[in-house]
Amino acid sequence: MNEIEVQYFAVLRERAGTSRETVQTAAATAAELYDELAARHDFGLPQAMLRVAVNDEFSEWSRPLVAGDRVVFIPPVAGG
Amino acid sequence: MGAFAFAGGPLEPERYRESLADPSAGGYASFEGWVRDHNEGRTVQRLEYEAFEPLGIAEGERIVAEAVARFGVTRAACVHRVGSLGIGELAVWVGVSAAHRGEAFAACRYIIDEVKHRVPIWKKEHYADGNSGWVNCERCAAAPRSGGPEDDHAHSHGPEHGHARTDDSARSTAPAPDYSRQIALPEVGAAGQARLAAASVLVVGAGGLGVPVLQYLAAAGIGRIGIVDGDVVEGSNLHRQPLYGTADLGRPKAAVAAERLRALNRDVRIETHAVRATPDNIDALVAGHDLIVECTDNFRAKFLVNDAALRAQKPAVFASVHQYEGQLQIYRPLPHWPCLRCLWPEAPRDGLVGNCAEAGVLGPVPATLGALQAMQALKRLLGLDAGESPSLVTVDLLSLETRRLAARRNPACDHENPGNAHHSDEQPLELEFETLAEAFESGLELVDIREAWERAHDPPGLQIPSHLPLSELVQGYAEFPAEGRYLIICAHGVRSLSLAEQLRSQGQAEVYSLRGGLAALRS
């Protein structure tokens, strides 16, 4: 299990009810982590619509996670 | 002697100075311009000043009167030489008496700057090599001004055309802008100010983001600003668009914004395009500008601007907000630089993640992001962003956290052919009707996709029986009927267009969007 710091934006923040949380996870990649959290928080947004950033850099969903990673899930927003 | 005069012989500062004496004056400041022996690397032996005197005196007196009124000084005067002058001779004198030194210095500075800027005086330099040449007054070159005629009302202002309106009539009487606080920055200086004056920026969307962008760019002295916005001012806009007031309700935003910006800075040329950005007009709108600031509230327009910026190879600054958060991104036409599509290869559908109407927003959120956009634009124009690498910046106004996420060019994203020219040439996506009755008579089935709370405010007569809220469609709680011919309707024609486009792409041929939405019918 890795300890990962997760941050949410926009609709994901609303669904999760928090802008950040620390999770203990067995997820090996960013994609697996999203699946796990999407099920927990009922995100309803397909992963294809989002971007993930690991340690302040946009990353591939297949990127392996290591303990202490900071993961941010970002949906596009349009308001103005 | 009037407050402004020309003199054919040597100037007499002592005599002029006496004319400013007043018991209430606690100080006196003056400026003297002298003939120097060099200009731009050439040795000057003497020079000649020539003026168009009647006009020059009238304009000069106006400048002095402005200075007295603006800075509250006691008396002020200016005398300018004409004719032939030798090295070291006095070319111009300005004097101001005032209760306190601060106003005296400021008014003195104002007068000399404005005289150089506005009074028709030409200078001919005679060089040591025997040549001579007429020299432009320095400021005319840096900040082109036009005493141009009033708006040409012969232009068509129909909503279909990407026409431009400009109006410089307010210029001659308003005081000149004072950029001293930004010129004081070593990175800006007079050269930077001249760069801003020579620049042209297109602002797409004059709403929550666009308002601060327009205000700060106009105030900074951008030479020319184009405003694209097809909406009118609505009461629900004001909490986040305080450039407008209740007296403006129902008026086109572009026109109201232009009025306010002209009052803020008479030297900025404002062009208004009271239209929505479309695939047909976006390239023409972008042409002729150095930088685009994208301030709309929908993905459709954002990607439209992105693609046009890529085609024109121009920088564009994007921002968007959602409730308490915002995102900021800049595109630069550099080979390694990511565009909006690099980040979001699947152009998101409007309605999926909410807009300000659906999700709600506090005014300072778009204001903060808009101010950041203005800053990014100024940095780009001034060349202050040299060390900046591509990124998406997220701002959370609740936690006050900002995050800079490094972004990279997506090799699969074709910058040569942005968006793959996705607008097709088949049936038009949008239809236009004058009244709802006409729309009913069109034979299309009308479908209102607004949210229930939006429909609750409708006057009778604007009721559309068939209702499928977009939020339910995108969340999969409802499905759009696959068979039939439909006219999709929302408040302003943005969400309906997005949905029509999506249904078309799924093979549904006979779906249309009501252009401009119900707002277009009401007006």
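The following dialogue walks through a predicted model of two chains, A and B.

Me: Where should I begin with chain B, and how many helices and strands does it have?
Reply: A count of elements is a reasonable first look, and the secondary structure of chain B comes to 18 helices and 22 strands. Of its 523 residues, 42% count as buried. Among the contacts in chain B with a separation of 6 or more, 71% are between residues 24 or more positions apart.

Me: How do I read a sheet, and what is the order of the strands in the one that holds β1 and β2 of chain B?
Reply: One reads the order of the strands, then the sense of the pairing, and then the edges. Here four strands of chain B form an open sheet in the order β1-β5-β7-β2, with mixed pairing. Its edge strands are β1 (4–7) and β2 (27–34) of chain B, each of which pairs on one side only, and neighbouring strands of the sheet are turned by 15° against each other on average when direction is ignored. Between β2(B) and strand β7 (residues 90–98) of chain B there are eight bridges, and these two strands run antiparallel; within that pairing, B:Tyr28 has B:Ser97 in β7(B) as its bridge partner.

Me: Which strands does each of the helices α2(B) and α3(B) touch on that sheet?
Reply: For a helix on a sheet, one asks which strands are touched and at what angle the helix runs. Helix α2(B) packs on the sheet by touching β1 and β5 (75–81) of chain B, and its direction makes about 140° with that of β1(B). Helix α3(B) lies across β2, β5 and β7 of chain B and runs at about 145° to β7(B).

Me: How do those two helices lie against each other, and at what angle do their axes cross?
Reply: The distance between the axes and the crossing angle are read together. The axes of α2 (residues 53–71) and α3 (residues 101–118) of chain B come within 9 Å and cross at roughly 155°. Since angles over 145 degrees count as roughly antiparallel, α2(B) and α3(B) are therefore roughly antiparallel to each other. The crossing of α2(B) past α3(B) is right-handed. On the α2(B) side the residues that meet α3(B) include B:Ile63, B:Val64 and B:Phe71, while those on the α3(B) side include B:Ala107, B:Tyr110 and B:Ile111. The residues of this contact divide into nine nonpolar, one polar and five charged.

Me: What is the pairing in the sheet that contains β19 to β22 of chain B, parallel or antiparallel?
Reply: The strand order and the pairing sense are again the things to look for. This open sheet of four strands has the order β19-β22-β21-β20 in chain B, and its pairing is parallel. At the edges stand β19 (430–431) and β20 (445–448) of chain B, each with a single partner strand, so one side of each is left without a neighbour in the sheet. Two bridges join β19(B) to its parallel partner β22 (residues 511–514) of chain B, where B:Glu430 has B:Ser513 as bridge partner. Helix α17 (residues 494–505) of chain B packs on this sheet, touching β19, β21 (486–489) and β22 of chain B, and its direction makes about 170° with that of β22(B).

Me: In chain A, why is β5 described as largely enclosed?
Reply: Burial is read residue by residue along the strand. Four of the five residues of β5(A) are buried, so this strand is largely enclosed by the rest of the structure. Strand β1 (residues 2–8) of chain A is joined to β5(A) by four bridges in a parallel arrangement, with A:Tyr8 opposite A:Phe73. β3(A) also pairs with β5(A), in the antiparallel sense and over four bridges, and there A:Arg51 stands opposite A:Ile74.

Me: How many residues of each chain take part where A and B touch?
Reply: One counts the residues on each side, then looks at the elements that supply them. In this model 20 residues of chain A are in contact with 37 residues of chain B. On the chain A side, α1 (10–16), β3 (51–54), β4 (57–59) and β5 (70–74) each supply at least two residues. The residues of that side divide into 13 nonpolar, four polar and three charged.

Me: Which residue in the loop between β3 and β4 of chain A should I look at for its backbone?
Reply: It is A:Asp56, which lies in that loop and has a phi near 65°, a positive value in a residue other than glycine. With 13 C-beta neighbours inside 10 Å, A:Asp56 counts as partly exposed.

Methods: Residues are numbered from 1 along each chain as its sequence is written. Chains are lettered from A and ligands numbered from 1 in the order in which they are written. This is a predicted model: local features need pLDDT of at least 70, side-chain atom pairs count only at pLDDT 80 or more; totals for chains, interfaces and linings use all residues. Two residues are in contact if their C-beta atoms, placed from the backbone, lie within 7 Å. Ala, Val, Leu, Ile, Met, Phe, Trp, Tyr, Cys and Pro count as nonpolar, Asp, Glu, Lys and Arg as charged, and the others, Gly among them, as polar. Two strands pair if DSSP finds at least two bridges between them. Axes are lines fitted to C-alpha atoms, for helices over the stretch in contact, and angles run from 0 to 180 degrees between N-to-C directions. Angles under 35 degrees count as roughly parallel, over 145 as roughly antiparallel, 65 to 115 as roughly perpendicular and the rest as oblique. A crossing is left-handed if the near helix is turned anticlockwise from the far one by less than a right angle, and right-handed if clockwise. A residue is buried if 20 or more other C-beta atoms lie within 10 Å of its own, exposed if 12 or fewer, and partly exposed in between; C-beta atoms are placed from the backbone.
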